[in-house]
Amino acid sequence: MRDVIVVGAGGGGPVVAKELAARGLDVLLLEGGAHHTDPRASWTHFENDANNPLTGFLRFGPADRRKPAWLREEPQNSFILQVAGVGGTTQHYYGNSPRAFRGVFAGYEGPDRDAYDRAHAFPFRYEELIPYYEWVEATLPVQTAAMGTKETVFFRGAERLGIPVQTTKDTLRASYRPQENAILQPGGTAGRTTDPARLIYPQATGCTYCGFCLQGCMEPVRAPRNQYAKRSTDNSYVPMAMTASAWARGGRDVTLLPDSFVVKVHTERRGGESVATGVTWRTGATGERHREDARVVVLAGGATETPRLWLNSGLPNPNGWVGRGYTDHFLDGVTGLFDEETGSSKGPSSAARCDFPGHGALEQLGVGPAIQAYQMALSGSGVRGRYTNGRGMTGPWDGRAGRVIGPELKDALLNGVDRLLNILILTDDDVQARNRVSLSVLPPDAHGAAPKVSLDGRTRTRRTAANREFLARRATELLRRAGARKVYRLDWAPLLLHVHSSMRMGRSAADSVLTADAESRWVRKLYVADNSALANSLGGPNPTLTTQALATRTAEKIFTRHFGGRAWVGAEAPVASTDPRVTHAL
Ligand SMILES: Cc1cc2nc3c(=O)[nH]c(=O)nc-3n(C[C@H](O)[C@H](O)[C@H](O)COP(=O)(O)OP(=O)(O)OC[C@H]3O[C@@H](n4cnc5c(N)ncnc54)[C@H](O)[C@@H]3O)c2cc1C
């Protein structure tokens with residue numbers, strides 16, 4: 001019998017595992033995908049090798065790349081970019097770590113109050129989360145992003161929009177700023193040379209400006225794992241979890257089992273209540289099944305898999321909200337073509353942003369040439385100049401929204417990606433019951449019925465659609481003022497990079513699955529600690545920092561309520577994941 005079993009080692013799970021192991025609990029962390037213990041031996045910077053959704057080393061599939069990727073059903077034109085393996089989708093992520101907007105929390109009374117999805121606000125106040133934000137920001141750590149050419153171009157346009165620069169962690173008004181990100185700043189020779197022979201640790205530390213954030217960070221060469229620049233959880237929280245006995249007084253190392261896909265959560269009736277007792281998982285390499293019990297179970301398989309596991313386990317769903325309310329920032333892309341060098345391929349891949357509380361956010365987005373071509377061809381609006389699928393919005397951009405293909409795409413990519421500047425639109429989207437994860441009727445895989453993700457770009461609320469249009473116009477204006485000679489509006493089909501709130505916590509028992517403490521309303525001792533626990537889409541800011549702050553708070557609730565422990569956030573000083581004691585024990 002373990003103290004705690006955590007399911008999933010992505011953005012949220014390792015946070016709970018690390019915090020509880022540091023307090024001496026016996027934690028088992030189960031991850032369905034691979035553990036890339038020596039990335040330099042098995043990863044490359046080749047885009048297809050890394051990102052191919054069927055065969056890439058960063059895909060949602062088993063550790064053995066010869067086996068097929070795991071099934072998801074998408075009944076609409078959309079694309080899910082989620083990664084299995086230790087680190088989960090943070091292996092892909094860009095490390096951007098803004099806090100949520102205040103307007104999405106209970107008790108907010110600002111003048112723009114009605115601009116948010118108030119019906120689905122967090123069940124506690126923003127102020128309550130601040131100490132947990134600070135704790136995670138010190139642990140990862142989160143710092144102000146390193147700057148380069150693409151940021152200069154972005155800020156030139158942002159400044160000319162007439163909005164101020166923001167210098168605080170809390171976002172209170174429309175503004176622009178360097179990202180607060182979880183990427184170690186360049187030190188030594190890093191950022192000063194492109195000569196690979198001089199970019200070796202410890203001569204170089206932190207971000208080497210390689211520009212491959214999307215493909216799993218393994219820089220600088222020869223750095224210990226917890227000194228890799230990008231603080232995906234495989235480089236930060238997981239090393240901490242596995243070495244807790246070395247850096248925390250009374251700490252106990254987490255047991256991590258990769259290639260271990262949980263297929264069932266077990267419960268029993270106690271005193272008239274349903275209580276979680278443990279899980280069964282399947283080992284990918286052998287197909288064997290194992291069962292283990294625990295005093296508390298924490299689900300952190302991500303916004304798509306956590307509801308799937310719940311439904312496949314036959315757990316209660318009396319109000320029908322398990323899997324519902326899936327928010328995704330209704331992303332869109334706007335790309336500017338410049339006559340000057342934009343430096344889009346270099347540095348932390350997304351280091352500048354604008355925030356528009358009440359509408360969402362814009363951020364600069366660097367990708368390699370293959371993903372650049374892919375993202376310019378992913379549209380719900382057909383092909384520019386040919387057909388529109390009944391959409392093809394007109395506006396300040398050139399021509400109609402839609403896919404860029406053929407000679408136009410060739411022209412855009414003439415100099416690789418370095419005459420382009422992409423802006424990612426992060427829409428503040430409403431929680432809608434119809435956007436959901438349910439179980440597919442397609443033949444099941446080895447883990448049970450596959451998840452079916454239903455998310456149609458055409459059935460969003462009026463507020464969501466208006467926010468996206470507002471942001472697309474602001475992005476176009478920014479690019480024009482920065483000097484773009486041409487601006488493409490892409491009108492992306494749903495691209496699922498940021499997914500949240502499918503097991504949402506809420507004030508009302510009628511439309512939420514979790515209590516304000518992230519415990520299931522219907523099964524005791526069963527908690528959720530991934531993006532699915534979020535009450536809403538945070539107003540548009542990138543989700544992982546908030547998920548990790550919430551997961552820290554959830555770990556504290558578990559420790560105090562079920563293990564008689566004391567709260568620590570605010571009472572102790574956090575240890576940074578770059579601490580040498582983490583390195584030496586690995
Ligand atoms: C290209 C890209 C860029 C991004 N950039 C940013 C950014 O800059 N900032 C930001 O905040 N967010 C960013 N994100 C989003 C970020 O990656 C997610 O917010 C974060 O990873 C979510 O954490 P999670 O724990 O909910 O899910 P995940 O990270 O997806 O982790 C879930 C884990 O659980 C495992 N799992 C699932 N089911 C089971 C099971 N039944 N048994 C065992 N294991 C299971 C999965 O294999 C996976 O490893 C980005 C995403 C993408 C794709």
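**Figure 1. Thr193 and its side-chain contact with the backbone of Asp195 in the predicted model.** In this predicted model, a polar atom of the side chain of Thr193 lies 2.9 Å from the backbone nitrogen of Asp195. Thr193 belongs to the loop that runs between strand 7 (187–188) and strand 8 (204–205). Because its relative accessible area is 13%, under the limit of 20%, Thr193 is counted as buried. The loop between strand 7 and strand 8 also holds Pro202, and the peptide bond that leads from Tyr201 to Pro202 is cis, with omega near 5 degrees.

**Figure 2. The loop between strand 8 and helix 6, with Tyr209 and Pro220.** Tyr209 is placed in the loop between strand 8 and helix 6, and its phi is near 70 degrees, which is a positive value in a residue other than glycine. Pro220 is found in the loop between strand 8 and helix 6 (237–242). The bond joining Glu219 and Pro220 is a cis peptide bond, for which omega is about -10 degrees.

**Figure 3. The second largest pocket and the residues at its centre.** The volume of the second largest pocket is about 360 Å³, and its lining is made up of 15 residues, of which Thr194, Leu199, Thr208, Tyr209 and Cys210 are the closest to the centre. By class, the lining of the second largest pocket comprises five nonpolar, six polar and four charged residues. Tyr209, one of the residues closest to the centre of this pocket, is the residue whose phi is near 70 degrees.

**Figure 4. The largest cavity and its lining.** Three cavities of 30 Å³ or more are found when the whole structure is searched, and the largest cavity holds about 120 Å³ of space. The lining of the largest cavity consists of 17 residues, and those nearest its centre are Cys207, Cys210, Cys213, Cys217 and Ala229. Sorted by class, the lining of the largest cavity has ten nonpolar, five polar and two charged residues. Cys210 is named among the residues nearest the centre of the largest cavity, and Cys210 is also listed among those closest to the centre of the second largest pocket.

**Figure 5. The ligand, its polar contacts and the surrounding shell.** The ligand is surrounded by 36 residues, the closest of which are Glu31, Thr89, Asn96, Val262 and Thr544. An N or O atom in the side chain of Glu31 is 2.7 Å from an oxygen atom of the ligand, a polar side-chain atom of Thr544 lies 2.8 Å from an oxygen atom of the ligand, and a backbone N or O atom of Pro543 is placed 3.4 Å from an oxygen atom of the ligand. On its own the ligand has 990 Å² of accessible area, and the protein covers 96% of this. The shell around the ligand contains 14 nonpolar, 19 polar and three charged residues. At least two residues of the shell come from each of strand 10 (260–270) and helix 8 (302–312), and strand 10 gives the most, with three residues.

**Figure 6. Thr306 in helix 8 and Asp259 in the loop before strand 10.** Thr306 has its place in helix 8, and its side chain reaches the backbone nitrogen of Gly301 at 3.0 Å. With a relative accessibility of 2%, Thr306 counts as buried. Asp259 lies in the loop between strand 9 (255–257) and strand 10; its phi is near 60 degrees, again a positive value in a residue other than glycine. Asp259 is likewise counted as buried, because its relative accessibility of 18% falls under 20%.

**Figure 7. Tyr374 and His584, each shown with a residue distant in sequence.** Tyr374 lies in helix 9 (residues 369–376) and is partly exposed, with a relative accessible area of 30%. Tyr374 and Arg403 are separated by 29 residues in sequence, and their C-alpha atoms are 9.5 Å apart in space. His584 is part of helix 13 (residues 580–585) and is classed as exposed because its relative accessible area, 66%, is over 50%. His584 and Asn226 are 358 residues apart along the chain, yet 9.9 Å separates their C-alpha atoms.

Terms used: Residues are numbered from 1 along each chain as its sequence is written. This is a predicted model: local features need pLDDT of at least 70, side-chain atom pairs count only at pLDDT 80 or more; totals for chains, interfaces and linings use all residues. Side-chain values use heavy atoms; hydrogens and water are left out. On a 1 Å grid over the protein atoms alone, a cavity is a set of points where a 1.4 Å probe fits but cannot get out, and a pocket is an open set with protein on both sides within 12 Å along at least five of seven lines; lining residues have an atom within 4 Å of a point. Grid points are joined across faces, edges and corners, and a volume is the space filled by probe spheres set on the points. Ala, Val, Leu, Ile, Met, Phe, Trp, Tyr, Cys and Pro count as nonpolar, Asp, Glu, Lys and Arg as charged, and the others, Gly among them, as polar. A residue is near a molecule or strand if one of its heavy atoms lies within 4 Å of it. A polar contact is a pair of N or O atoms within 3.5 Å; within protein, one must be able to donate a hydrogen and the other to accept it, and residues adjacent in sequence count only if both atoms are side-chain atoms. Accessible areas come from the Shrake-Rupley method with a 1.4 Å probe; for residues, only the protein chains shown count as cover. Helices (H or I, at least four residues) and strands (E, at least two) are DSSP runs, numbered from the N terminus. Buried means under 20% relative accessible area, exposed over 50%, partly exposed in between (1.4 Å probe, protein chains only).
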